Amino acid sequence: MMSELVLLCLFSFLAGLIDSIVGGGGLIQLPALLIVLPNTDLPLLLGTNKLASIAGTSVAAIRFYLYLKLDFSIVIMAAIAAFIFSFVGASTVSVINPNILRPSILVLLTVVAIYTFLKKDLGSQHLFETARARQIILAPIIGGIIGFYDGFLGPGTGSFLIFAFVGIIGFDFLRASAAAKIVNFCTNLAALVYFIPNHNVIYSFALPMAVCNIVGAMIGTKLAIFKGNAFIRNLFLIIVCVLIIKLTHDIFFS
């Protein structure tokens, strides 16, 4: 029990660190739960993962808020849509097999990686005056689509959010990371509204993991703020490539 908890806390710390900068914490924390607690029902693991994740995500969002000038009206519109459609996505899992979407997600991630790699100046500057009417229309669309995806399938949600806020809304990578944390907090909250009343959280694991996730998120946001856009862009590309490799393995070799 103690060795399992220590191992999960270590992975939760790493997940909080990476996720606070570029997303992708789910690549670390959820697989760790599946490996360390192999005989546990999946809903319990998912609820435990979400509770630990939302702790770090909320701290990262607050720290970014304190350090950055961010257009919260745009972010909040995306966050509200993400909360609502995350519910819809979660309910759709019982109707549609998530594996159907995996090949299209793989293609989309590959396009994101190639586009980001080739466009060297992407996310290097924050475009404060980017057509605001367009931002107001697109923000809830982005939140709705990615929120649905997070509730339905999930891997790479943070990375998709960052890319959307950079490539569509016009944020730089640093502010896109901050915006992604706020939206991701809402998608996690939507899941917990379902998991907690249905007793799908193992609190003896989730609470210590949440503390470690917070510590990782605090260090990660500090790195993001002081290292800047170039650092986030490079780490973003690494995480997206890891996601591509994982999805390729899941689709063709599992």
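Is I76 buried, partly exposed or exposed? With a relative accessibility of 39%, I76 counts as partly exposed, because that value falls between the 20% and 50% cut-offs. This is a good place to start a tour of the structure, which is a predicted model.

## The nonpolar patch on the surface

I76 sits in helix α4. It is one of the residues of a nonpolar surface patch of about 760 Å², made together with I80, I84, F85, F87, V88, L189, V193 and Y194. Two helices, α4 (72-92) and α8, each supply at least two residues of this patch. Helix α4 gives the largest share, with six residues.

## Helix α8 and the cores

Helix α8 also deserves a look of its own. It runs over residues 173-195, which makes 23 residues, and spans 32 Å from first to last C-alpha, close to the 33 Å expected at 1.5 Å a residue. Most of this helix is covered, as 19 of its 23 residues are buried.

What does α8 bring to the inside of the protein? The largest nonpolar core has 52 residues, and the members that touch the most others are V22, L109, I162, F165, F171, V183 and F236. Helix α8 provides the largest share of this core, nine residues. Apart from this core lies another one of twelve residues, including C9, V36, I202 and F205.

To see the larger core from the viewpoint of a single residue, try V183. Leaving out residues up to four places away in sequence, V183 touches V75, A78, A79, A82, L161 and F165.

## Charged pairs

Side chains of opposite charge can pair when their charged atoms come close. How many salt bridges does a search of the whole structure find? The search finds four, and the table shows three pairs from this structure.

| Salt bridge | Distance, N to O |
|---|---|
| D19 and K181 | 3.8 Å |
| D150 and K50 | 3.7 Å |
| R175 and D172 | 2.8 Å |

The pair of D19 and K181 meets at 3.8 Å. This salt bridge links distant parts of the chain: D19 belongs to helix α1 (residues 2-22) and K181 to helix α8, with their positions 162 residues apart in the numbering. D19 is buried, and K181 is buried too.

The side chains of D150 and K50 meet at 3.7 Å. Here again distant parts of the chain are linked, with D150 in helix α6 (residues 132-152) and K50 in helix α3, 100 residues apart. Both partners, D150 and K50, are buried.

As for R175 and D172, both of these residues are buried as well.

## Two buried residues in helices

Where is N49 found? N49 is part of helix α3, which covers residues 42-67. Its relative accessibility is 8%, so N49 counts as buried, the cut-off being under 20%. Beyond the residues up to four places away in sequence, N49 touches Q29, L30 and L33.

I142 offers another example, this time from helix α6. I142 counts as buried because its relative accessibility is 8%. Which residues is I142 in contact with, leaving aside its neighbours within four places in sequence? They are G147, A164, I168 and I169. By contrast, P197 lies 28 Å from I142, C-alpha to C-alpha, and the two are 55 residues apart in sequence.

## Two exposed residues in loops

Now for some loops. P38 lies in the loop between α2 (26-36) and α3. Is P38 buried or exposed? P38 is exposed, because its relative accessible area of 56% is over the 50% cut-off. From P38 to M218 there are 30 Å in space, C-alpha to C-alpha, and 180 residues in sequence.

H199 is placed in the loop between α8 and α9 (203-227). H199 has a relative accessible area of 67%, so this residue is exposed. What stands out in its backbone is a phi near 60°, a positive value in a residue other than glycine.

## Looking back

Starting from I76 in helix α4, the tour passed the nonpolar patch to which α4 and α8 each supply at least two residues. It then followed α8 into the largest nonpolar core, where that helix gives nine residues, and on to K181 of α8, which meets D19 in a salt bridge. It ended at H199, in the loop between α8 and α9.

Conventions: Residues numbered from 1 in each chain as written. Predicted model: local features only at pLDDT ≥ 70, side-chain atom pairs only at ≥ 80, totals over all residues. Heavy atoms only, no water. Helix = DSSP H or I, 4+ residues; strand = E, 2+ residues; numbered from the N terminus. Buried < 20%, exposed > 50% of the residue type's maximum accessible area, 1.4 Å probe, protein only. Contact = heavy atoms within 4.5 Å. Expected span 1.5 Å × (residues − 1). Patch = residues over 30% accessible without salt bridge, like charges linked within 9 Å, V, L, I, M, F, W, Y side chains within 5 Å. Areas by Shrake-Rupley, 256 points an atom, 1.4 Å probe, with all protein chains shown as cover. Core = buried A, V, L, I, M, F, W, Y, C linked by side-chain atoms within 4.5 Å.
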